[in-house]
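Let's take a walk through this fold together, starting from one helix and working inward. Keep the viewer open as you read.

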Amino acid sequence: MLATFSGSALAGSSVDMKLVSVGGNNAGGVYTYPYNLSVNGRAPVAMICDSYDNSVSIGETWQAHMVGLLSGQGLFGNQLLDYKAAGLIFKSILAGTLSANVGNYAIWGLFSTNAQNSSYFQSSGAGAIEQQYLSLAGTAPNSAFNGLVLYTPIAGTQSANGTPQEYIGYSPVPEPTSMALFGTGMLSLAGMVRRKLKKNEA
């Protein structure tokens, strides 16, 4: 699971990326979510790609800036409304309320006219999904985007091809109550360890 950071905490963070594998979903001759990526050598996690016009091959490595989704520092600059819509679409895919294929094309359409002109985009209803989520993004509170992290490729660091794809990852943010319980549990555990140490010393 990826660690969750605020946009300011992430600003300037550079990480090593590797595309390990892709899932079985594909549409229009293109793989869609999930893309399984390793960050800094850790176990692969599923992410979604937002850059239709860039390509990455399995096994390729590169470096990326890891920033909050709302940082305004993505591959497509400060297209904040588009990034917000992409984040909400991704959350709907994760929740199982939106098809991975249609949802991924809707995200691609936010940033690429080539994606919008593809036959699958036009036949699948991805355009309508895109407009629906752009509307939702306009009124969604910033808290709706908690846990969404952007991995923006650093040009020239890739092991193959041109500038790699940009990805959006998600790590659920623990509820404040569960964090408090976690803290209490850790304190209890620390107390038990101290008692055990004292007993051993006696």
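Which residues are exposed on the other side of H6, away from its buried ones? They are Ala 128, Ser 135, Gly 138 and Thr 139. Bear in mind as you look that this is a predicted model.

Now turn H6 around. Its buried residues are Ala 126, Ile 129, Glu 130, Tyr 133, Leu 134 and Ala 137. Looking down the axis of H6, you'll find these buried residues within an arc of 135°, so they line one face of the helix. The cover over them includes helix H2 (80-95), helix H3 (100-111), helix H4 (113-116) and helix H5 (119-124). The length of H6 checks out too: with 14 residues (126-139) at 1.5 Å a residue, the expected span is 20 Å, and the end C-alpha atoms sit 21 Å apart, which agrees.

Step back for a moment to the whole chain, which has seven helices and eight strands. Of its 202 residues, 41% count as buried. Take the contacts between residues at least 6 apart in sequence: 67% of them join residues at least 24 apart.

On to the strands. Six of them close into a barrel, in the order S1-S4-S5-S8-S7-S6, with antiparallel pairing. From one strand to the next, the twist averages 45°. H3 packs on the sheet, where it touches strand S4 (35-39) and S5, and its direction makes about 50° with that of S5. H2, for its part, lies across strand S5 (45-49), S7 and S8, running at about 50° to S8.

Strand S7 (residues 148-153) is a good place to pause. How many of its six residues are buried? Six of the six are, and both faces of S7 are covered. Leu 148, Leu 150 and Thr 152 are buried on one side, while Val 149, Tyr 151 and Pro 153 are buried on the other. S7 pairs with strand S6 (residues 61-68) in the antiparallel sense over five bridges, and Val 149 in S7 is the bridge partner of Gly 68. S7 also pairs with strand S8 (residues 167-170), again antiparallel, over four bridges. There, Tyr 167 in S8 is the bridge partner of Tyr 151, and Leu 150 stands opposite Ile 168.

Those two tyrosines turn up again in the core. The largest nonpolar core has 49 residues, and Met 17, Tyr 151 and Tyr 167 have the most contacts inside it. H3 gives the most to this core, with eight residues. In soluble globular proteins, nonpolar side chains tend to be buried together. Zoom in on Met 17: leaving aside residues up to four places away in sequence, its contacts include Leu 37, Val 39, Met 47, Trp 62 and Tyr 151.

Finally, have a look at some backbone details in the loops. Tyr 33 and Pro 34 are joined by a cis peptide bond, with omega at about 10°, and Pro 34 has its place in the loop between strand S3 (30-31) and S4. In the loop between S4 and S5 you'll meet Asn 40, a residue other than glycine with a positive phi near 55°. Asn 40 counts as partly exposed because its relative accessibility is 39%. Asn 161, in the loop between S7 and S8, has a positive phi of about 60° although it is not a glycine. With a relative accessible area of 45%, Asn 161 is partly exposed.

Technical notes:
Residues are numbered from 1 along each chain as its sequence is written. This is a predicted model: local features need pLDDT of at least 70, side-chain atom pairs count only at pLDDT 80 or more; totals for chains, interfaces and linings use all residues. Side-chain values use heavy atoms; hydrogens and water are left out. Helices (H or I, at least four residues) and strands (E, at least two) are DSSP runs, numbered from the N terminus. The expected span of a helix is 1.5 Å times one less than its number of residues. Buried means under 20% relative accessible area, exposed over 50%, partly exposed in between (1.4 Å probe, protein chains only). The arc is that of the directions from the helix axis to the C-beta atoms. Contact means heavy atoms within 4.5 Å. A nonpolar core is a set of buried Ala, Val, Leu, Ile, Met, Phe, Trp, Tyr and Cys residues joined through side-chain atoms within 4.5 Å. Two strands pair if DSSP finds at least two bridges between them. Axes are lines fitted to C-alpha atoms, for helices over the stretch in contact, and angles run from 0 to 180 degrees between N-to-C directions.
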